[in-house]
Amino acid sequence: KMLEIMVSLGHYMATNNMPFTACLGQGGRGLLGVEGIRDFESYYRAVSDVWFREEDRLAVTMKTLLDNGMLLRSKLIFGVLHEMNDEIMYMTIQLSDAGIPVIWYVVTQEDCLQYIKQSNERRKIIVIPVEAQPDGRL
């Protein structure tokens, strides 16, 4: 489900000539710049090669990207996550308080209502149930 959403978001951005940098896989194992539709094929291949390891920690990846300044140089941050927790929410608030809009698509069966309630004009938490069928809108 996560990879489907990544492909859909990437295709939307690429076809609308909205350049983006994707951090593929936890641990920042792959950063890929996409300038437009001509780069989509390589993005698609890279997404299809993503694998998840049990020992990976999403919060550690986010902290690394935050500490090295990559996230703070962004105009907009959106991502597909497999979890939402207090640590990730704290970093999300830091980013949105710095003026950077953040949108997280969280693919989970967990209750995320406490985080959804913290959404505002600069941060949005969208939960997508693991078993949800694609409805054509993200």
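# A guided tour of the predicted model

The protein exposes about 8300 Å², and carbon and sulfur atoms supply 51% of that area. What you have open is a predicted model. Start with the whole chain in view.

**Stop 1: the whole protein.** Colour by secondary structure. You should find five helices and five strands. Follow them along the sequence and the pattern reads α-β-β-α-α-β-α-β-α-β. Now colour by burial. Of the 138 residues, 39% are buried. Next, turn to contacts with a separation of 6 or more: residues 24 or more positions apart account for 56% of them.

**Stop 2: confidence.** Switch to colouring by pLDDT. The average for the protein is 85, and 86% of the residues score at least 70. Which helix has the lowest confidence, and which the highest? Select residues 58-67: this is helix 3, where confidence is lowest, at a mean of 79. Then select residues 113-116: helix 5 has the highest, at 96. Keep one caution in mind as you go. Where pLDDT is low, the predicted coordinates should not be read in detail.

**Stop 3: the sheet.** Select strands 3, 4 and 5. These three strands form an open sheet in the order 3-4-5, with parallel pairing. Why do strand 3 and strand 5 each have one side without a neighbour in the sheet? Strand 3 (77-81) and strand 5 (123-128) stand at the edges with a single partner strand each, so one side of each is left free of a neighbour in the sheet. From one strand to the next, the twist averages 10°.

Move to strand 4, residues 102-107. Six bridges join strand 4 to strand 5, and the two run parallel. For a landmark, pick Tyr105: opposite stands Ile126 in strand 5.

Now add helix 4, residues 86-97. Helix 4 packs on the sheet and touches strand 3, strand 4 and strand 5. The direction of helix 4 makes about 140° with that of strand 5.

**Stop 4: Ser96.** Stay on helix 4 and select Ser96, which lies in this helix. Is Ser96 buried or exposed? Ser96 has a relative accessible area of 5%, so the residue counts as buried. Show the side chain of Ser96: it reaches the backbone oxygen of Ile93 at 3.2 Å. Not counting residues up to four places away in sequence, Ser96 touches Val102, Arg122 and Arg123.

**Stop 5: Gln109.** Go to the loop between strand 4 and helix 5, where Gln109 has its place. Gln109 counts as exposed because its relative accessibility is 54%. Which residues does Gln109 contact, leaving aside neighbours within four places in sequence? Select Pro129, Val130 and Glu131 to see them. The C-alpha atoms of Gln109 and Pro129 are separated by 5.5 Å, with the two residues 20 apart along the chain. Then look at the side chain of Gln109: it reaches the backbone nitrogen of Val130 at 2.7 Å.

**Stop 6: Ala46.** Finish in helix 2, residues 40-48, where Ala46 is found. At 24% relative accessibility, Ala46 counts as partly exposed. Add Leu24 and Leu32: Ala46 touches both, not counting residues up to four places away in sequence. Place a distance label between the C-alpha atoms of Ala46 and Leu32. The separation is 8.3 Å, for residues 14 apart along the chain.

Notes:
Residues numbered from 1 in each chain as written. Predicted model: local features only at pLDDT ≥ 70, side-chain atom pairs only at ≥ 80, totals over all residues. Heavy atoms only, no water. Pairing = 2+ DSSP bridges. Helix = DSSP H or I, 4+ residues; strand = E, 2+ residues; numbered from the N terminus. Axes fitted to C-alpha atoms, helices over the stretch in contact; angles between N-to-C directions. Contact = heavy atoms within 4.5 Å. Buried < 20%, exposed > 50% of the residue type's maximum accessible area, 1.4 Å probe, protein only. Areas by Shrake-Rupley, 256 points an atom, 1.4 Å probe, with all protein chains shown as cover. Polar contact = N/O pair within 3.5 Å; in protein donor to acceptor, adjacent residues only side chain to side chain. pLDDT = per-residue confidence, 0-100.
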